[in-house]
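User: Got a model open here and I'd like to talk through some of its contacts. Can you take a look with me?

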Amino acid sequence: MNIMLFHSTYGLRPAVHAAADRLRAAGHEVWTPDLFEGRTFDDVEEGMAFKDELGKDELLKRAILAAAPYSERGLVYAGFSLGAATAQTLALGDDKARGLLLLHGTSDIAENATVDELPVQLHVAEPDPFETDDWLSAWYLQMQRAGADVEVYRYAGAGHLYTDPDLDDYDAQAAEATWRTALGFLETL
């Protein structure tokens, strides 16, 4: 599988490279574009401030330019938190998308979004301050209405970015369960 993996608001940190290596070890080809052009952050507030300074349109433009050379191959779009939101936006706009793997995040869905049974898997903490229960319920229904085939996995007690071992959110048990399930999902595509 060809996977475009987008980083979180922390930037392209070691955890993203480790995730890409894990996916490559399972036989996938993986790209990890640096949408922040080398900037990384130690706390979410700094990362969010930089993302806001950069602007949503510029971030999306960078993501599209990163994915464009490979989209003909039929990409699986994936990402962490902000990167998941970015991946979702690209996958819903790419009729050749093979799948969508969301780790720790979702995004708004355009009213007119439609996909042809796009396989989608979401892994998220429970509770998650950025992905509330009400939001996730509405998101799930909107994704189904758009035509996606959605699976949602919740991890009780885990922090928001629980797959990143360098953050306080890290939860080893939830992270391993996520990767085991995600790798199984990718094998079905």
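User: Is Glu58 buried, partly exposed or exposed?
Analyst: Glu58 is partly exposed, at 26% relative accessible area. Keep in mind that this is a predicted model.

User: OK. Which side chain does Glu58 meet in a salt bridge?
Analyst: Lys61, with an N to O distance of 3.7 Å. The two sit 3 residues apart in helix 3, about one helical turn. Lys61 is partly exposed too, at 46% relative accessibility.

User: And what about Asp133, what does its side chain pair with?
Analyst: The side chain of Asp133 forms a salt bridge with Arg154, 3.1 Å from N to O. Asp133 is in helix 5 (residues 133-146) and Arg154 is in strand 6, so this pair ties together parts 21 residues apart in sequence.

User: How accessible are Asp133 and Arg154?
Analyst: Both count as partly exposed: Asp133 has 45% relative accessibility, and Arg154 has a relative accessible area of 25%.

User: Back to Glu58 for a sec. Which residues are joined with it into one network?
Analyst: Glu37, Glu58, Lys61 and Arg62, through salt bridges that share partners.

User: How many salt bridges turn up in the whole structure?
Analyst: The search finds 10. One of them pairs the side chains of Asp164 and Arg13, at 3.4 Å from N to O.

User: Where do Asp164 and Arg13 lie?
Analyst: Both are in loops. Asp164 is between strand 6 (149-156) and helix 6 (172-187), while Arg13 is between strand 1 (2-6) and helix 1 (14-25), so the salt bridge ties together parts that are 151 residues apart in sequence.

User: Are those two buried or exposed?
Analyst: Buried: Asp164 has a relative accessible area of 6%, and Arg13 has 10%.

User: Switching topic: helix 2. Which of its residues are buried?
Analyst: Helix 2 covers residues 44-54, and the buried ones are Gly47, Phe50, Lys51 and Leu54. Looking down the helix axis, they fall within an arc of 100 degrees, so they line one face.

User: What covers the buried residues, and what's on the face turned away?
Analyst: The cover includes helix 3 (56-67) and helix 4 (82-92). The face turned away carries the exposed residues Glu45, Asp52 and Glu53.

User: Last thing, what caps the N-terminal end of helix 2, and what follows the helix?
Analyst: Asp43 is the cap, with a side-chain oxygen 3.1 Å from the backbone nitrogen of Glu45. After the helix comes Gly55, which has a positive phi, near 95 degrees.

Note on methods:
Residues numbered from 1 in each chain as written. Predicted model: local features only at pLDDT ≥ 70, side-chain atom pairs only at ≥ 80, totals over all residues. Heavy atoms only, no water. Buried < 20%, exposed > 50% of the residue type's maximum accessible area, 1.4 Å probe, protein only. Helix = DSSP H or I, 4+ residues; strand = E, 2+ residues; numbered from the N terminus. Arc of directions from axis to C-beta. Contact = heavy atoms within 4.5 Å. Polar contact = N/O pair within 3.5 Å; in protein donor to acceptor, adjacent residues only side chain to side chain. Salt bridge = Lys/Arg side-chain N within 4 Å of Asp/Glu carboxyl O.
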